[in-house]
Amino acid sequence: MIILSILFLEIDTLSLQEAIDIALKQSPTYLESRENLAKSRVQFYKALSYLLPTTSTTSSWTKSEYQSLTTERYTGSINFSMPVFDLDVISSIVVARGQEKGTSIQHSQEIANLVLNIKKSYYNLITAYELLNSSQKALERAVENKKLVETKYELGAASRLELLQAEVFYLQTLQNHTRAKNIEIQAQQEIKSLLMIEHHVYPADALSEPDTLTLPSLDSLKNLLFVANLNIRLSRQMHSLARTNLWLSSLAFLPRISVFYGYNTSIDSFSLDFDYLKDNATKNYGINISFPIFDIKQLIFNYLNAKKELKIKRYNLERTVLESEKALYTSYYNLQESIDKLRLSRKSLELAEEAIIIAKEQYNLGVISLLDLLRTEEDYYNARVNYVQALNDYYLQKATLSYVLGKTILGEQ
């Protein structure tokens with residue numbers, strides 16, 4: 001039925017990697033983050049440009065009248081200046097560079113979060129289709145049982161109780177099928193909103209049970225956490241930037257040094273003769289040294305603010321480390337629990353498969369009643385649902401732990 005839907009409806013068959021690639025091309029979350037990163041780089045290049053020579057030009061025309069005497073004056077100047085030592089320029093470059101690094105880490109964090117959400121929605125969609133298939137098969141089986149019991153009832157070979165039991169089982173499977181359809185619709189809307197597409201998505205990948213269900217030690221993951229966790233890296237970068245800003249603010253009382261070179265001219269008649277302009281031009285060059293004597297009050301407050309900002313960033317780093325450790329422990333033990341559930345649900349499914357084979361043979365031989373057979377079929381369906389959900393939970397918890405460790409795939413070191 002799902003294959004026919006793919007043929008006749010507008011459905012895109014996508015693998016997980018294809019879904020991630022689509023999101024990294026047209027997701028507003030990713031595009032906004034990319035533009036913020038580009039903007040921070042522009043700000044850094046702008047701060048670097050302050051080291052380049054600055055050109056200033058002025059020109060004026062003045063007409064003066066005194067009694068009956070009229071005079072005209074044309075003046076012009078062109079000057080070049082370049083900072084040699086200016087803490088304002090140095091600070092702006094350092095701060096812009098630190099913010100650019102922080103934005104780059106934040107960009108990586110937003111990409112990782114987007115990938116995590118896509119993984120979760122993709123796994124949920126796979127699970128939804130699995131549940132839909134299982135409920136469809138159970139519904140078909142319930143319809144067959146219902147028709148068979150109705151025929152036997154008309155022939156007098158089945159009791160009223162067996163007829164009611166078949167009807168109840170049919171209604172239960174119908175409810176399960178409706179619930180599975182609702183789960184599939186929700187999963188479709190979630191992944192469509194993430195990928196910014198209108199067509200339905202059919203997952204090309206499947207959730208296969210892993211070959212091994214062992215985890216690395218928690219201590220080794222904890223050591224990796226402090227290096228790879230994006231929240232810690234961002235908080236550490238902001239703390240480093242605040243410490244550098246405090247150091248620069250403590251040196252802000254130093255003089256600012258720059259060099260200049262320029263030409264000034266003042267003539268009484270306008271002319272485009274460059275030789276004439278050169279003969280009437282004055283060349284000037286030298287060194288400017290300015291002392292922030294009258295800015296002491298502002299410098300003191302800037303230093304105090306930088307000192308408090310450093311404390312805030314240090315506390316923020318400590319809080320981020322604690323929260324990240326908590327997230328690591330939570331996701332690690334959730335993954336461990338999902339592994340245990342997967343083992344148990346797989347064993348339950350194997351037993352349920354064996355039980356339904358035996359139950360069908362015994363029912364055909366008349367050893368057990370229809371109620372016993374229906375209960376066995378219901379147990380098998382529930383075991384199948386539990387196994388699919390346990391497999392889905394394993395992949396969800398694995399993706400979450402990978403995100404906490406700043407990795408796309410668990411195991412990448």
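Reader: Why is arginine 256 called buried?

Author: Its relative accessible area is 17%, and the word buried applies under 20%. Arginine 256 therefore counts as buried. Please keep in mind that this is a predicted model.

Reader: What makes the pair of arginine 256 and aspartate 88 a salt bridge?

Author: The closest N and O atoms of the two residues are 3.1 Å apart. A salt bridge asks for a side-chain nitrogen of Lys or Arg within 4 Å of a carboxyl oxygen of Asp or Glu, so this pair qualifies. Arginine 256 sits in strand E5 and aspartate 88 in helix H4, which means that the bridge ties together parts 168 residues apart in sequence.

Reader: Is aspartate 88 buried, partly exposed or exposed, and how do you know?

Author: Aspartate 88 has a relative accessibility of 47%. Buried would need under 20% and exposed over 50%, so aspartate 88 is partly exposed.

Reader: How do you know that aspartate 86 and arginine 256 meet in a salt bridge?

Author: Here the N to O distance between the side chains is 3.5 Å. The limit is 4 Å, so the pair counts as a salt bridge. This pair links distant parts of the chain: aspartate 86 is in the loop between E3 and helix H4 (87-155), while arginine 256 is in strand E5, 170 residues apart. The whole structure holds 15 salt bridges.

Reader: What makes glutamate 100 and arginine 97 a salt bridge?

Author: Their closest N and O atoms are 2.7 Å apart, and that is within 4 Å, so the rule is met. Both residues lie in helix H4, 3 residues apart, or about one turn of the helix. Glutamate 100, at 8% relative accessibility, is under 20% and therefore buried. Arginine 97, at 36%, falls between the 20% and 50% cut-offs, so it is partly exposed. Salt bridges with shared partners join Arg41, Arg97 and Glu100 into one network.

Reader: Why is glutamine 237 called buried?

Author: Its relative accessible area is 17%, under the 20% cut-off, so the name fits. Glutamine 237 is part of helix H7. Leaving aside neighbours within four places in sequence, glutamine 237 is in contact with Gly98, Lys101, Gly102 and Ile105.

Reader: Why does alanine 306 count as buried?

Author: Alanine 306 has 5% relative accessibility. That is under 20%, so alanine 306 is buried. Its place is in helix H9 (residues 296-364). Not counting residues up to four places away in sequence, alanine 306 touches Asn245, Leu246 and Ser249. Alanine 306 and glutamate 325 are 19 residues apart in sequence, and their C-alpha atoms are 28 Å apart in space.

Reader: How do you know that strand E2 and strand E3 pair?

Author: Pairing needs at least two bridges. Strand E2 (residues 54-66) and strand E3 (residues 69-85) have 13, so they pair, and they do so in the antiparallel sense. One example is tyrosine 66, whose bridge partner in E3 is leucine 69. The two strands form a hairpin with 2 residues between them, and glutamine 67 in the turn has a positive phi of about 55°.

Reader: Which residues form the nonpolar patch on the surface?

Author: The patch consists of Phe253, Ile296, Ile300, Phe301, Tyr303 and Leu304, together offering about 570 Å² of accessible area. Among them, phenylalanine 253 lies in the loop between helix H7 (230-250) and strand E5 (256-267).

Conventions
Residues are numbered from 1 along each chain as its sequence is written. This is a predicted model: local features need pLDDT of at least 70, side-chain atom pairs count only at pLDDT 80 or more; totals for chains, interfaces and linings use all residues. Side-chain values use heavy atoms; hydrogens and water are left out. Patches are made of residues with over 30% relative accessible area and no salt bridge: like charges are joined within 9 Å, nonpolar side chains (Val, Leu, Ile, Met, Phe, Trp, Tyr) within 5 Å. Accessible areas come from the Shrake-Rupley method with a 1.4 Å probe; for residues, only the protein chains shown count as cover. Helices (H or I, at least four residues) and strands (E, at least two) are DSSP runs, numbered from the N terminus. Buried means under 20% relative accessible area, exposed over 50%, partly exposed in between (1.4 Å probe, protein chains only). Contact means heavy atoms within 4.5 Å.
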